[in-house]
Amino acid sequence: MSAASAQDSGKLSPAVAAEINKYKQELQNIAVKIGDLETEADEHGLVIDTMKPMSGDRKCFRLINGVLVERTVKEVLPALEVNKKGIKDVIEKLLEEYKKKETAFKEFQKKNGIQQTNSANIFGIDTAWVGAGLAVLRQGARRGAELARRQLLVSMEIPSKDKSYQWMLIWISQQNQINSRKLASMSQQTSWLQKSILKAAMPRQLAVETSFKQHDNGSVSTNFNLVPGQGKHIFNYKGRWIQIERLRETKMVDFTTGSPWETITMTTLSRDRDVFDDILTKAREFALAQQVGKTVLYTSFGPEWRPFGLPRKRRCLDSVILDDNVSQTILNDVHDFTRNGQWYDERGIPYRRGYLLYGPPGSGKTSFIQALAGELEYNICILNLSERGLTDDRLNHLLTVAPERSIMLLEDIDAAFTKERDQSEKAGYQQSMVTFSGLLNALDGVASSEERLIFMTTNHIERLDPALIRPGRVDMKVFLGNATPSQMRRMFTRFYPCDEQLAESFVDKIRDKSISTAHLQGHFVFYKHSAKAAVDNTDSLLTQNYKSG
Ligand SMILES: Nc1ncnc2c1ncn2[C@@H]1O[C@H](COP(=O)(O)OP(=O)(O)OP(=O)(O)O)[C@@H](O)[C@H]1O
């Protein structure tokens, strides 16, 4: 109760004063409720106006009791309109209730001989209207600001699901690096204002995106990319100021990947709207330029393929030394396949070709596939059959949506399905739920008419179910064994180009030994500075006992 109200009711009996205050409170509550509902009806109107021009099939989401429900515009729009009408009806009813209460209050005042003074109006009914009036004023200001924003500013939203999302993050971080370099190189003559503006535009909240790169020798290097963190950042591009807002929805998740839903919204003055096209093009060009001359490795992420780490420098096919002609035979076969799409099409044969590279560990199976991808200018999709939650449907889908010009790689296929598989097929591989027949169907490429190159590797061909490697699923089986004398010689001369004579001595010392090409590589790396030491120390190659110094 306010002081003025207490003073006013001080001359009345406590019961009457309490009744008066009750009336005032009830009237005020109704007025505030009306104000809130007006705001809600207004917000419904905004959503309806935004959705109306959209196609009815477009998806939209609503959070109901913490559960995200997916709907389409055509389902939601009528519901919103019904809701809005419902709110308006409630407002009408509340107004009637208000009027009734107001009349009852007046009668009560009359009955108790209370004069309806100005103070009564100020602290009673009118105060209620002040509450409603404030709500209306607040709405007015909000609408005004919204209108000004719509007229003067233009925004572009990029959801994390969109391909350009990662491009944008990388591009923005690159812009920041350019700005930092600019700042560092600014001379003493540069005005204080110019420096301050550039400094102010540098983002203060950064997020780190780490990428790993595994080198052929097994070492891993890490690259930290600083990208703008959550929140708002401002930067200048070609003389235009652009606000970037990176938002993470805490209650919304991307159902397909389980990751939080994120968006980047760029806002600029509406007269500068063309700048968005320019930025998107630049971001895409920048991202693609990083891939030129490189092999992109993809892994599955939910139902889609995502780049894994940074694109790798292409490996030259000559650097993988297989037995005589093996490399060329596979390359010719792949070329023959990729150039004859129409031939497959005319005969109704699924346009796919499967290869199985088998042999002991370290014979160059994976290295060859990577080098082949580089030679063909293809990328590699690594399919991990043991991935948690992988199902037959998702496997089929992944094979269907694999990026164009990519090799599908299934490594160590024996670990997934062997001859002794569970005949009931109930059990999938470890945590994945892929069944053997699901894998066969996916490999047959029933769902795909696109070109599909599939490579599998194994150390144990004898463990594989014949159904998996029958012609049509595996069209070419190639054995990559331990180093033959020819491979030993060629590897030696690759590491020590001018030492033909020493190469012969080296081969003579180990020709009848079972040594993998990976071991040979390790030996040459250890004696990289001396071909003679590599020949003199072939014992360490056999014993794997290398002493430093
Ligand atoms: N034939 C080869 N020519 C050149 N380098 C080779 C060859 N074989 C193996 N290497 C080298 O040995 C290392 C391991 O090779 P890679 O991973 O390709 O063997 P792998 O046959 O796939 O082995 P695993 O069966 O264990 O997967 C790589 O660094 C690679 O450069």
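**Entry 1: the whole chain**

I began with the surface: the chain exposes about 31200 Å², and carbon and sulfur atoms supply 52% of that area. I reminded myself that this is a predicted model. Next I asked how many helices and strands the chain has. I found 18 helices and 17 strands. I then looked up burial, and 39% of the 549 residues count as buried. My last check here was on contacts between residues at least 6 apart in sequence: 67% of them join residues at least 24 apart.

**Entry 2: around the ligand**

I turned to the ligand and listed its neighbours. The shell holds 17 residues, and the closest are Ile 321, Thr 366, Ser 367, Thr 517 and Gln 521. I sorted the shell by class and noted 5 nonpolar, 9 polar and 3 charged residues.

Then I looked up some polar contacts made by oxygen atoms of the ligand. For Gly 364 the partner is a backbone N or O atom, 3.1 Å from a ligand oxygen. For Lys 365 the partner is an N or O atom in the side chain, and the distance is 2.8 Å. Gln 521 also uses a side-chain N or O atom, which lies 2.8 Å from an oxygen of the ligand.

How much of the ligand does the protein bury? On its own the ligand exposes 630 Å², and the protein buries 83% of that. I also noted which elements give two or more residues to the shell: they are α11 (365-376) and α16 (517-526).

Where does the ligand lie with respect to domain 3 and domain 4? I saw that domain 3 (312-479) and domain 4 (485-543) both give residues to the shell, so the ligand lies between these two domains.

**Entry 3: two residues with positive phi**

I wanted to see backbone angles too, and I picked out two residues. Glu 377 is not a glycine, yet its phi is positive, at about 60°. I located Glu 377 in the loop between α11 and β14 (379-382). Is Glu 377 buried, exposed or partly exposed? Its relative accessibility is 48%, so Glu 377 counts as partly exposed; the exposed class needs over 50%.

Asp 412 was my other pick. Its phi is near 45°, again a positive value in a residue other than glycine. I found Asp 412 in the loop between β15 (406-410) and α13 (436-444). With 39% relative accessibility, Asp 412 counts as partly exposed, because that class runs between the 20% and 50% limits.

Conventions:
Residues numbered from 1 in each chain as written. Predicted model: local features only at pLDDT ≥ 70, side-chain atom pairs only at ≥ 80, totals over all residues. Heavy atoms only, no water. Near = heavy atom within 4 Å. Polar contact = N/O pair within 3.5 Å; in protein donor to acceptor, adjacent residues only side chain to side chain. Areas by Shrake-Rupley, 256 points an atom, 1.4 Å probe, with all protein chains shown as cover. Helix = DSSP H or I, 4+ residues; strand = E, 2+ residues; numbered from the N terminus. Nonpolar A, V, L, I, M, F, W, Y, C, P; charged D, E, K, R; others polar. Domains from an automatic or database assignment. Buried < 20%, exposed > 50% of the residue type's maximum accessible area, 1.4 Å probe, protein only. Contact = heavy atoms within 4.5 Å.
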